[in-house]
Amino acid sequence: MRITLRLVSVSLLAGWLAACSEPPKDPEVVVYTSRKDHLIRPVFDLYTQETGVKVRYTTDDDGALITRLAAEGNNSPADLLITVDAGNLWQATEQGLFQPVDSEVLTTNVPANLRDVDNRWFGQTVRARTLVYSPDRVQPEELSSYEALAEPAWKGRLCLRTSKKVYNQSLVATMIERHGEEKAEAIVRGWVDNLATDVFSNDTALIEAIAAGQCDVGIVNTYYFGRLIAEKPDLPVALFWANQDSSGVHINISGVGLTAHAPNRDQAIKLMEWMSTAAPQQLLAEQNMEYPVNPAVQPTGVVTAWGEFRGDDLNVAVAGKRQVEAVKLMDRAGYR
Amino acid sequence: MSVLTWSSSPLKLPRPDPLIVIAMLLAAAVLLPIAVLGLSWLGDESEVWRHLADTVLLSLLANTLLLVLGVGVGVLLLGVSLAWMTATMEFPGRRFFDWALLLPLAVPAYVLAFVALDLLDFSGPVQSALRDWFDGFRGTSARRPALVIITLSLVLYPYVYMLARVAFRAQGRTLMEQARILGLSPVAAFWRVALPMARPAIAAGLALALMETLADFGAVSVFNFDTFTTAIYKSWYGFYNLNAAAQLASLLLLFVLVSLFVERAGRGRARYEQQSARKLKRVRPEFWRRWLLCGYASAIFLFAFAIPVGRLLFWVVDAGARDFDARYWGLVWHTLLLGAGAAVVTVATAIFLGYVRRTRGHWLSALAVRGATVGYAMPGSVLAVGIMLSFAAIDRWLNLQFGTGAVLIGGLFALILAYAVRFLAVAYGPVEAAFERIRPRILEAARTLGATPAETVRRVWLPLLTPGVLSALLLVLIDVMKEMPATLLLRPFGWDTLAVRIFEMTSEGEWSRAALPALTLVLVGLLPVYLLMKRTR
């Protein structure tokens, strides 16, 4: 007992000292990121390799990181906040956590609808949320749009992920922007009526449910589809690009903003700019089977097999602006 | 667990006593983050409230009630029956099950949840096999309240099992014999003597299990089962309204406090003194009953531990060790270090509070203890936010005054404090029980026999306290290693743990890659569970 205690206290003290000791004053950038360790580390490693600048980062949920950034105020060590949904970037902007970045590189590399109008945040990768279906039970001609999934033809055949996931909140937010609240609510109610089973807590389970025959069609982010297919190539499911005759596929971004009190401002901007260029763009996108935000960079890897699509050209900030409306609408419609 | 020990002495202030003052200060430090959440009531969030009340609130409350009742019944049935079996009966495999039934304690609830759903879902192996075998079987949704309740009961019953088992063993042979001599049948003796005598222990285990149920977010969100914590997260992440989230969280805490108080009040003035027991003689049931008991214990062990761990192992083997690299040992090391550090700090605090409570029978000390042990009922992330907000405020003030920059946030201290606030209740239970074993008679005897105070500490206090303190250390260690939200929010740069890695994988839906850290976490947790059990053999 005494030995254990002593051992524990010594190791604790050692850890403490290690954590409290002054970090070396080499150039570095500090990042809060909700893009997870395994999806972002290769990019940071590459940057450090090329420039010698160290990138320190910590991961968590978007909401938690934004709350932390706000609470820390001008004490925050963070230079950059990377989030995985435009709604989160918009929210951080609303709380005054970002500062504008005046950079020719970024405005050239990032299309206007994928960045803030005042340049307080910039997209880094594009993710598409589209339809996935069972080729055994559905002909692609039967499919057209998200809106059409509310039609009675799909009764008992639709699978959805929970409305608590921000991706669905963003999708509904864009529908509110485009169709108005009333029509959007009617569509969501139609979806709920058509549900084959309880909503899922992740896209992967949803795709597996379609493959297993629990339902025929669903709405997912393409990279979940890609990951699952990479693991189980024979899974009987296929992608369909939604709304090609109307608004285009619903797209969202993962993106980055410079914090209002960034201690390493110049280094941070350099990292932001670098991440919008070809090599890191490809790496970022490929890590997670997404699309580069930079139109000059061609998508690589598996995603090329899914063909090209026309994306929604609304500014992705809509996702944030109408998020609260969207959540309330889905609550009203009984979409859990 | 005496969160609500409330001595009946009249409410008057004691002579100034440094120990009580320190205890009050400790309680205040623990309560600060919670008080910060209370400040949320200064804001007007009626819009969020109205929306919730109009739409989901009623079903959330109904779901929460269902979950609490269901898990309550579940952990009582499992925990008490298994404890009674292993403590008083002899059946095949009894020695093994004695400790093996505690192993589910090492499995985080969210891990069992995602394994259970993976196995039992429409597309999972069980239903697929059933479809192959039976033409009539179409398949069904696995996202059902019953499954959530079963999952949580399987993970949480060890709290009841552990404490009830010790209580039953401590009753020894004498008590049951006396009951039988007075003409009670074995069944009646169990219901009318053994069970009521074990009530404080069972209630303490139940309280821990239910507080964890109320605070759970991970397991319920795997099943997309909406409870009160869902409303908290919806307000925070969906509406970006931290204030409303904090208001909801403080209501949850109030509910817990009231329930604990009701339980205490229900116990009334009953005393649960026990004679020193003669060693228990186990009952040996007839042959087929012995095997029935063995079958029951095996089933629980299989479902709560062997099958989920087997599934994790399968994933790890299947996915290969692609995530297993040099950094992996860092995760294990951080997990252990944080667990050990937090365990020492938390248990030291618990011992201090227990000592004050024991030696100063004043209502102020009871109040301090009660205040310091409410953190367990808070959803981890809400508590973490409370700690972060209060520390950030202190940091900003320090910076303004002395230009220090961030001192607390991002340091280990904040994280360890968060653990201590959250798990003090867990540590306090066994420590308090240990203090209760030191009866005044023993101390008087020591003095009469001429022991110096130092000698009394060494030869009476320490030996009698050690078992409880060790239990507390191990329990906190296990809980901290499984803890996720506070670790995520407050860890210093680079201090990733196994739980962090599990979060990163599961939040991307990559269950099979979460298996490696999950399995490691279970394995690392096995050692403390084993030690815990060996101690109470």
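**Exercise 1. Determine the handedness and the angle class of the crossing between H3(B) and H13(B) in this predicted model, and identify the residues that form the contact.**

Solution.
Step 1. The crossing in which H3(B) passes H13(B) is left-handed.
Step 2. The helices concerned are H3 (residues 57–88) and H13 (residues 287–319) of chain B; their axes come within 11 Å and cross at roughly 135°.
Step 3. Angles over 145 degrees count as roughly antiparallel and 65 to 115 as roughly perpendicular, the rest as oblique; H3(B) is therefore oblique to H13(B).
Step 4. On H3(B) the contact is made by Leu78(B), Leu82(B) and Met85(B), and on H13(B) by Leu293(B), Ala297(B) and Ile300(B).
Step 5. Sorted by class, the residues of this contact are six nonpolar, no polar and no charged.

**Exercise 2. Describe the packing of H14(B) against H17(B), giving axis separation, angle, handedness and composition.**

Solution.
Step 1. Helix H14 (residues 326–359) and helix H17 (residues 412–437), both of chain B, have axes that come within 7 Å and cross at roughly 50°.
Step 2. The two helices are therefore oblique to each other.
Step 3. Their crossing is right-handed.
Step 4. The residues contributed by H14(B) include Leu338(B), Gly341(B), Ala342(B), Val345(B) and Arg358(B). Among their partners in H17(B) are Leu415(B), Tyr419(B), Phe423(B), Glu432(B) and Phe435(B).
Step 5. The residues of the contact comprise 17 nonpolar, four polar and two charged.

**Exercise 3. Classify the packing of H6(A) with H13(A) by its angle and list the residues that meet.**

Solution.
Step 1. Helix H6 (residues 166–179) of chain A packs with H13(A) at an angle of about 100°, and the axes are 8 Å apart.
Step 2. This angle makes H6(A) roughly perpendicular to H13(A).
Step 3. From H6(A), Gln169(A), Val172(A), Ala173(A) and Ile176(A) take part; they meet Gln323(A), Glu325(A), Ala326(A), Val327(A), Leu329(A) and Met330(A) of H13(A).
Step 4. Seven nonpolar residues, two polar residues and one charged residue make up the contact.

**Exercise 4. State how many residues of each chain form the interface, and which elements of chain A supply its side.**

Solution.
Step 1. Contacts link 51 residues of chain A with 50 residues of chain B.
Step 2. On the side of chain A that touches chain B, at least two residues each come from helices H1 (2–20), H2 (37–51), H3 (62–72), H8 (203–212) and H13 (323–332), and from strand S2 (54–59).
Step 3. H1(A) provides the largest share of that side, nine residues.
Step 4. By class, the side of chain A that touches chain B holds 19 nonpolar, 18 polar and 14 charged residues.

**Exercise 5. Give the secondary structure of each chain and evaluate its radius of gyration against the globule rule.**

Solution.
Step 1. Chain A contains 13 helices and ten strands.
Step 2. For its 336 residues a compact globule would have a radius of gyration near 20 Å, and the 22 Å of chain A agrees with this.
Step 3. The C-alpha trace of chain A spans about 65 × 60 × 40 Å along its principal axes.
Step 4. Chain B has 22 helices and zero strands. Its radius of gyration, 24 Å, is close to the 24 Å given by the rule for 537 residues, so chain B is as compact as a globular protein of that length.
Step 5. Along its principal axes the C-alpha trace of chain B spans about 75 × 70 × 50 Å.

**Exercise 6. Establish where the confidence of the prediction is low.**

Solution.
Step 1. The model as a whole scores ipTM 0.87 and pTM 0.89.
Step 2. Chain A has an average pLDDT of 92, with 93% of the residues at 70 or above. In chain A, residues 20–24 stay under 50, and the model has one contact beyond four places in sequence for this stretch.
Step 3. Chain B averages 86, and 94% of its residues score at least 70. Within chain B, confidence is lowest in helix H15 (residues 363–372), at a mean of 80, and highest in H3(B), at 95.
Step 4. Residues 1–9 of chain B have a pLDDT below 50, yet this stretch has 27 contacts in the model beyond near neighbours in sequence.
Step 5. Where pLDDT is low, the predicted coordinates should not be read in detail.

Methods:
Residues are numbered from 1 along each chain as its sequence is written. Chains are lettered from A and ligands numbered from 1 in the order in which they are written. This is a predicted model: local features need pLDDT of at least 70, side-chain atom pairs count only at pLDDT 80 or more; totals for chains, interfaces and linings use all residues. pLDDT is the predictor's confidence in each residue, from 0 to 100. Two residues are in contact if their C-beta atoms, placed from the backbone, lie within 7 Å. Helices (H or I, at least four residues) and strands (E, at least two) are DSSP runs, numbered from the N terminus. Ala, Val, Leu, Ile, Met, Phe, Trp, Tyr, Cys and Pro count as nonpolar, Asp, Glu, Lys and Arg as charged, and the others, Gly among them, as polar. Axes are lines fitted to C-alpha atoms, for helices over the stretch in contact, and angles run from 0 to 180 degrees between N-to-C directions. Angles under 35 degrees count as roughly parallel, over 145 as roughly antiparallel, 65 to 115 as roughly perpendicular and the rest as oblique. A crossing is left-handed if the near helix is turned anticlockwise from the far one by less than a right angle, and right-handed if clockwise. The radius of gyration is taken over C-alpha atoms; the globule rule is 2.2 Å times the number of residues to the power 0.38.
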